[in-house]
Amino acid sequence: VMVLRAAHGCALFAAFDLVPLWCMASRYAGGLALTEEQLGTSLAAGAVVQVVFTSLAMGRLVRRLGLHASLTAGCTAAALLTLCLLASPSATAERWWLRALGASLVYGLQTSAMLLAGTALVSMSNLLCARDPQRNGLLNGIVALTEGVGKMLGPALCAPALAWGLSARPAAEASPSGALFVF
């Protein structure tokens, strides 16, 4: 569970960096070419999707599916939605608001799926740590430290990889774009 929390933290925080960077990258490179204001609007709309999901659906899903199935469903959905983000027809739309709308909807769903998986992982590790009440705090601290390292490595490794992927294989010159290999 500790390794899964680190990997999940790495993927989640990588997405927090990669999606905005990809949205701002030029169309030539394979990005959406959104301005800062357009990106801000898109991320805010994605946050609304997350708030609705976490407040209305996430608890019910975890109770209905259980922890293991929630973890599996969340990770699988997040991976598929990440690919949809890059391959979405809205990504090639001429109008910026169509690109931003498609990105915000898919990104909101992708991060919601990651939050579902994260909730399952935190619950699993808490249940495992509770088995040894005398070392519960120590064990939780070790798990949180490991997750923190994963959260640090995600952006540190993936943002430079995205920059390299977009410049080494721009969408205008080769298909698929280098962004697909990084995501």
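**Exercise 1. Contacts of the first residue**

Task: In this predicted model, determine which residues Val1 is in contact with, leaving aside its neighbours within four places in sequence.

Solution.
- Step 1. Once neighbours within four places in sequence are left aside, the contacts of Val1 are Leu121, Met124, Ser125 and Leu128.
- Step 2. Val1 itself belongs to the segment that precedes helix H1 (2-24).
- Step 3. One of these partners, Met124, is 123 residues from Val1 along the chain, yet the two C-alpha atoms are separated by 7.2 Å.
- Step 4. Val1 has a relative accessible area of 33%. Buried residues lie under 20% and exposed ones over 50%, so Val1 is classed as partly exposed.

**Exercise 2. The overall fold**

Task: State how many helices and strands the protein chain has, and decide whether the chain is as compact as a globular protein of its length or not.

Solution.
- Step 1. Six helices and zero strands are found in the protein chain.
- Step 2. Read from the N terminus, the order of elements is therefore written α-α-α-α-α-α.
- Step 3. The radius of gyration is 18 Å, and the globule rule gives 16 Å for 183 residues. Because these values are close, the chain is as compact as a globular protein of that length.
- Step 4. Along the principal axes, the C-alpha atoms occupy a box of roughly 60 × 35 × 25 Å.
- Step 5. Of the contacts between residues at least 6 apart in sequence, 71% join residues at least 24 apart.

**Exercise 3. Surface and charge**

Task: Describe the accessible surface of the protein chain, the share of buried residues and the placement of charged side chains.

Solution.
- Step 1. The accessible surface is about 9700 Å², and carbon and sulfur atoms account for 69% of that area.
- Step 2. Of the 183 residues, 41% are buried.
- Step 3. There are 11 positive and 7 negative side chains in the protein chain. The centres of the two sets are 14 Å apart.

**Exercise 4. Cysteines and disulfides**

Task: Find how many disulfides the structure holds, and explain why Cys158 is not bonded to Cys10.

Solution.
- Step 1. Searching the whole structure yields zero disulfides.
- Step 2. Cys10 takes part in no disulfide, and its nearest cysteine sulfur belongs to Cys158, 5.5 Å away.
- Step 3. A disulfide requires sulfur atoms within 2.5 Å. The sulfur of Cys158 is 5.5 Å from that of Cys10, so the separation is too far for a bond.
- Step 4. Cys10 has a relative accessibility of 24% and therefore counts as partly exposed.

**Exercise 5. Two leucines in helices**

Task: For Leu116 and Leu166, establish whether each is buried or exposed, and which residues each touches beyond four places in sequence.

Solution.
- Step 1. Leu116 is placed in helix H4 (residues 96-130). Its relative accessibility is 5%, so Leu116 counts as buried.
- Step 2. The residues that Leu116 touches, apart from those up to four places away in sequence, are Phe53, Met58, Leu61, Val62, Ser70 and Gly74. For Ser70, 46 residues away along the chain, the C-alpha separation from Leu116 is 6.5 Å.
- Step 3. Leu166 is part of helix H5 (residues 136-168). With a relative accessible area of 11%, Leu166 is also buried.
- Step 4. Outside its neighbours within four places in sequence, Leu166 contacts Ala25, Ala29, Ser177 and Ala179. Ala45 lies 121 residues from Leu166 in sequence and 25 Å from it in space, C-alpha to C-alpha.

**Exercise 6. Helix H1 and the loop after it**

Task: Locate Trp22 and Ala33, and identify the backbone feature of Ala33.

Solution.
- Step 1. Trp22 is situated in helix H1. At 2% relative accessibility, Trp22 counts as buried.
- Step 2. Between the C-alpha atoms of Trp22 and Ala69 the distance is 31 Å, with their positions 47 residues apart in sequence.
- Step 3. Ala33 lies in the loop joining H1 and helix H2 (36-65).
- Step 4. The phi angle of Ala33 is near 60°, which is a positive value in a residue other than glycine.
- Step 5. Ala33 has a relative accessible area of 31% and is therefore partly exposed.

Terms used
Residues numbered from 1 in each chain as written. Predicted model: local features only at pLDDT ≥ 70, side-chain atom pairs only at ≥ 80, totals over all residues. Heavy atoms only, no water. Helix = DSSP H or I, 4+ residues; strand = E, 2+ residues; numbered from the N terminus. Buried < 20%, exposed > 50% of the residue type's maximum accessible area, 1.4 Å probe, protein only. Contact = heavy atoms within 4.5 Å. Rg over C-alpha atoms; globule rule 2.2 N^0.38 Å. Areas by Shrake-Rupley, 256 points an atom, 1.4 Å probe, with all protein chains shown as cover. Lys, Arg positive; Asp, Glu negative; His and termini not counted. Charge placed at Lys NZ, Arg CZ, Asp CG, Glu CD.
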